[in-house]
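This report describes a protein–DNA model for a reader at the bench. The sequence and the coordinates are shown first.

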There are 2 protein chains.
Amino acid sequence: MSTSAESGGADHRTSKREETARRITLSAQRLATEHGLDGFTMDELAEAAGVARRTLFNYYPSKVDACLGPRVDVPADAMEAFARGGPTGNLGADLEHLAREVLGVEEPTREEMVLHRQLFQIPRLVEAVHDRFAELAVDLQEAVRARGGEQLDQEGALLLIRVLLVVFDTAIDASIAGDDTPLPDLFSRHFGTIRRLLA
Amino acid sequence: MSTSAESGGADHRTSKREETARRITLSAQRLATEHGLDGFTMDELAEAAGVARRTLFNYYPSKVDACLGPRVDVPADAMEAFARGGPTGNLGADLEHLAREVLGVEEPTREEMVLHRQLFQIPRLVEAVHDRFAELAVDLQEAVRARGGEQLDQEGALLLIRVLLVVFDTAIDASIAGDDTPLPDLFSRHFGTIRRLLA
DNA sequence: AGTTTGCACTGCGTATCCGAAAGTGCAAAA
DNA sequence: TTTTGCACTTTCGGATACGCAGTGCAAACT
């Protein structure tokens, strides 16, 4: 009873809230690709999504967040598993695993890929994607230190997540440049490259 | 005869030009630490250094460059050695070697260290230092590809120099935070850390 | 010769103001 | 409990203005 998810239309696959959130994001993305991020107002987005302007802010804290959709975060169980030594026990491999978990929530359809390609042409959105990953990485920093398999001070953990972020950025760049490979695979590829080069 | 370096006061250790350049930089650094980067004009710097305002720009292209001193670049021979397989043959070790070559031109005196500590409190100077290293890194990117010991495409080389830059930034951060270790050693330490963590 | 200097010039960066739209608090309505 | 309307604050982009960084050039210097 205490946890939500059943009251209302019980058996629908997606809750009404999720549906509205999706409708908002889709509208925002369409408007952004057609007119640019500054080419539409929140009022116009509200009308397009069929909700009140105020409601938009019940779902997303900002316009760019509306375009990007709900924030994803590292699944608690995956995080916990990592903290206690991770799936494989190898730091690099486990970090990669964690990153894929975040990036690869689900296989994108072809339409979605085309849409994403267009959205990635908008610098402020790319920047926002970067920032989101950076926030996740900060959480990771603590987890890495907690795990502590290798001797690792504050600085070392910071360095590690910075490198992770650089790998992510490079993957994003490749995606922007037209590489069709799914993001998790791009990440794995570049992560593997840097591991090989530094070995 | 064609190369310079002897006409004028022949046997002095430092040429007159070097001496003037140094005087300018020292004046600029003193003014910057005392009044901030925007706390003095180029006219004032000119007077402090005992040259005409116009002359400053014969030595340095900008105010921040005047504060940082002449640009250092990778010695041609070191670069060449790297390109043909480097001192050790191991990519990581050779990159580190090259970086130390650039960072460790000469041991700083204690006074210089104190001065640098103060200069690092000025964000725009830190940013400029970062940019200088980034430019060197771009040259490195080509050299790395030319060397080609490992299979390495454009993206891979880019990723590598980005990581190098992150290591450098982390070393700078440590220095700013008060770590007295000479910069080359800081770089080596962090570079070693990331190599170990990703192995 | 090459280097420094003066001077006139361009242009970049910063401060300021202003209007539009982003984002927030709150209470009524659904 | 969520949505909505409304009034509110804050932030951001554009326009203007100004000071100083930075440039081109030719005369003066060494």
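The sections below treat the overall fold, the cores, two buried positions and the surfaces near the DNA.

**Basis of the description**

The model is predicted, so local features are given only at pLDDT of at least 70 and side-chain atom pairs only at pLDDT 80 or more, while totals for chains, interfaces and linings use all residues. Residues are numbered from 1 along each chain as its sequence is written, chains are lettered from A and ligands numbered from 1 in the order in which they are written, and side-chain values use heavy atoms, without hydrogens and water.

**Fold of chain A**

Chain A contains 10 helices and zero strands; helices (H or I, at least four residues) and strands (E, at least two) are DSSP runs, numbered from the N terminus. The order along the sequence is α-α-α-α-α-α-α-α-α-α. The C-alpha trace of chain A spans about 55 × 45 × 30 Å along its principal axes. Of its 199 residues, 41% are buried, where buried means under 20% relative accessible area, exposed over 50% and partly exposed in between, with a 1.4 Å probe and protein chains only. Among contacts (heavy atoms within 4.5 Å) in chain A with a separation of 6 or more, 64% join residues 24 or more positions apart.

Two annotations come from an unreviewed UniProt entry. Their positions follow the numbering used here, their names are shortened, and they may be inferred rather than shown by experiment. UniProt places "domain: HTH tetR-type" at residues 18-78 of chain A; this stretch is 69% helix and 0% strand, with its end C-alpha atoms 23 Å apart. The UniProt "DNA-binding region" covers residues 41-60 of chain A, where the chain is 75% helix and 0% strand and the end C-alpha atoms are 15 Å apart.

**Nonpolar cores**

A nonpolar core is a set of buried Ala, Val, Leu, Ile, Met, Phe, Trp, Tyr and Cys residues joined through side-chain atoms within 4.5 Å. The largest has 69 residues, and Phe187(A), Ile194(A) and Phe187(B) have the most contacts inside it. A second, separate core has 21 residues, including Ala21(A), Phe40(A), Met42(A) and Leu45(A). Beyond its neighbours within four places in sequence, Phe187(B) touches several residues, among them Leu103(B), Phe133(B), Leu164(B) and Phe168(B).

**Two buried positions**

Leu140(A) belongs to helix H8 (residues 123-147) of chain A. Leu140(A) counts as buried because its relative accessibility is 8%. Apart from neighbours within four places in sequence, Leu140(A) is in contact with Met79(A), Leu95(A), Leu98(A) and Leu164(A). The C-alpha atoms of Leu140(A) and Leu98(A) are 9.2 Å apart, although 42 residues separate them along the chain.

In chain B, Ser175(B) lies in helix H9 (residues 154-177). Ser175(B) has a relative accessible area of 14% and is therefore buried. With neighbours within four places in sequence left aside, Ser175(B) contacts Arg117(B), Phe120(B) and Leu186(B).

**Surfaces near the DNA**

A residue is near a strand if one of its heavy atoms lies within 4 Å of it. Around DNA strand C there are 15 residues, of which Arg53(A), Arg54(A), Lys63(A), Thr55(B) and Tyr59(B) come nearest. Sugar and phosphate make up 52% of the atoms of DNA strand C within 4 Å of the protein. DNA strand D has 16 residues around it, and Thr55(A), Tyr59(A), Arg53(B), Arg54(B) and Lys63(B) come nearest. For DNA strand D, 50% of the atoms within 4 Å of the protein belong to sugar or phosphate and the rest to bases.

The table lists polar contacts with the DNA, that is, pairs of N or O atoms within 3.5 Å; within protein, one must be able to donate a hydrogen and the other to accept it, and residues adjacent in sequence count only if both atoms are side-chain atoms.

| Protein atom | DNA atom | Distance |
|---|---|---|
| Met42(A), backbone N or O | strand C, phosphate oxygen | 3.1 Å |
| Arg53(A), polar side-chain atom | strand C, base nitrogen | 2.4 Å |
| Lys63(A), polar backbone atom | strand C, phosphate oxygen | 2.8 Å |
| Ala52(A), polar backbone atom | strand D, phosphate oxygen | 3.0 Å |
| Arg53(B), side-chain N or O | strand D, base nitrogen | 2.3 Å |
| Arg54(B), polar side-chain atom | strand D, base oxygen | 2.5 Å |

The elements that give two or more residues to the surface near DNA strand D are H3 of chain A and H3 of chain B. H3(A) supplies the largest share there, four residues. Near DNA strand C, the largest share, four residues, comes from H3(B).
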